Protein chains: 2
Amino acid sequence: MIVWRWKCINNIDLEDCPIAIAQKIIGGKWVLRLLYHLSTGILRFGELNRKMPEVTQATLTKELRRLEGFQLIKRKVYPEVPPRVEYSLTEIGMKLLPVLKELEIWGDEYKKYIKQ
Amino acid sequence: MIVWRWKCINNIDLEDCPIAIAQKIIGGKWVLRLLYHLSTGILRFGELNRKMPEVTQATLTKELRRLEGFQLIKRKVYPEVPPRVEYSLTEIGMKLLPVLKELEIWGDEYKKYIKQ
DNA sequence: CTCCATACTATCATTTTAGATAGTACCTAT
DNA sequence: ATAGGTACTATCTAAAATGATAGTATGGAG
């Protein structure tokens with residue numbers, strides 16, 4: 001049996017706890033899907049929106065700005081008309097992709113487990 | 001550069017998408033912390049609550065039941081007085097721990113990245 | 001009889017998150 | 001002059017999540 005050793009079990013300083021940080025960032029309803037769409041490359045706002053039609057423009061904008069604030073996402077504005085804005089992952093954002101991949105694998109296992 | 005291949009990018013069937021499933025389950029505000037407290041072993045309700053004093057009893061109960069519903073958590077009731085209820089991870093719940101570990105590592109990297 | 005411990009449940013209030021809808025700015029093409 | 005395309009912003013509303021608080025059940029100890 002594996003004994004798990006964590007950085008901050010029983011630690012009160014949640015600001016500093018890496019797991020609490022991760023939860024705060026990836027807890028949002030759309031984050032994981034946003035990340036995985038962006039994992040395939042740069043996308044414009046409209047493209048993203050079309051890939052996730054259940055999100056409203058307003059919500060998508062807010063979520064993108066939030067993740068930009070956390071520096072997981074880069075936002076590049078082209079001063080053109082009609083406007084063009086491209087979104088992509090930052091370096092630290094990309095480092096979440098392996099975790100996302102594992103989550104996907106787990107999700108798949110979970111599905112099988114539940115179905116029997 | 002790694003090309004990421006996912007099960008359901010551009011797939012509309014979100015019910016079936018492992019990432020959408022994962023997001024739904026671990027999206028809750030307390031999930032990750034709950035899991036990692038339980039990763040160290042069986043805990044009683046009160047013990048858990050003492051480890052996470054910012055959660056109210058009501059919320060903790062609801063969250064535990066939700067995760068029990070998803071079968072990540074086992075709930076064992078002892079017919080004693082005063083009551084005793086023990087919580088632990090199920091098999092499929094434990095399979096999330098490696099992912100949690102990676103998230104922790106990422107969180108740590110993130111902290112460093114942000115600080116400079 | 002009263003109090004204690006434990007793990008709740010029930011209500012109501014508040015906060016957070018997301019959705020619906022409409023409007024804006026700007027240059028280009030017709 | 002007008003319409004079109006894009007990425008917004010601004011309000012308002014609705015829904016979901018969480019918090020605060022009080023109450024319940026039970027049997028044993030004193």
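## Helix H6 of chain B

In this predicted model, the buried residues of H6(B) are Leu97(B), Val99(B), Leu100(B), Leu103(B), Glu104(B), Trp106(B), Gly107(B), Asp108(B), Tyr110(B) and Lys111(B). Buried here means under 20% relative accessible area, exposed means over 50% and partly exposed lies in between, with a 1.4 Å probe and protein chains only. Helices (H or I, at least four residues) and strands (E, at least two) are DSSP runs, numbered from the N terminus.

The cover over these buried residues includes helix H1 (18-26), helix H5 (91-94) and helix H6 (97-115) of chain A, along with H2, S3 and helix H5 (91-94) of chain B. Contact means heavy atoms within 4.5 Å. Helix H6 of chain B (residues 97-115) has 19 residues and should span 27 Å at 1.5 Å a residue, which agrees with its end C-alpha atoms being 27 Å apart. The expected span is 1.5 Å times one less than the number of residues.

## A buried serine

Ser39(B) sits in the loop between helix H2 (31-38) and strand S1 (43-44) of chain B. Ser39(B) is buried because its relative accessible area is 6%. Leaving aside residues up to four places away in sequence, Ser39(B) touches Trp4(A), Trp6(A), Leu89(B) and Leu97(B).

## How the two chains pair

Two copies of a chain are related by a rotation about an axis and a shift along it. Here, chain B is superposed on chain A by a rotation of 180° with 0.0 Å of shift along the axis (RMSD 0.0 Å). That is the relation of a two-fold axis. In chain B, Gly27(B) has the C-alpha nearest the axis, 2.3 Å from it. The superposition is by least squares on the C-alpha atoms of residues with pLDDT of at least 70 in both copies.

The copies meet through the same surface, because 100% of the interface residues of chain B are also interface residues in chain A.

## Around DNA strand C

DNA strand C is surrounded by 18 residues, the closest being Arg44(B), Gln57(B), Arg65(B), Arg75(B) and Tyr87(B). Sugar and phosphate make up 71% of the strand C atoms that come within 4 Å of the protein. A residue is near a strand if one of its heavy atoms lies within 4 Å of it. H4(B) gives the largest share of this surface near DNA strand C, four residues.

Among the polar contacts (pairs of N or O atoms within 3.5 Å), a side-chain N or O atom of Arg65(B) is 2.8 Å from a phosphate oxygen of DNA strand C. Thr59(A) also places a polar side-chain atom 3.3 Å from a phosphate oxygen of this strand.

## Around DNA strand D

Of the 20 residues around DNA strand D, those that come nearest are Gln57(A), Arg65(A), Arg75(A), Tyr87(A) and Lys29(B). Sugar and phosphate account for 70% of the strand D atoms within 4 Å of the protein. H4(A) supplies the largest share of the surface near DNA strand D, with four residues.

Phosphate oxygens of DNA strand D lie 2.5 Å from a side-chain N or O atom of Arg75(A) and 2.9 Å from one of Arg44(A). Lys29(B) brings a backbone N or O atom to 3.4 Å from a phosphate oxygen of DNA strand D.

## Reading the numbers

Residues are numbered from 1 along each chain as its sequence is written, and chains are lettered from A and ligands numbered from 1 in the order in which they are written. In this predicted model, local features need pLDDT of at least 70, side-chain atom pairs count only at pLDDT 80 or more, and totals for chains, interfaces and linings use all residues, while side-chain values use heavy atoms, with hydrogens and water left out.

Definitions and conventions:
A polar contact is a pair of N or O atoms within 3.5 Å; within protein, one must be able to donate a hydrogen and the other to accept it, and residues adjacent in sequence count only if both atoms are side-chain atoms.
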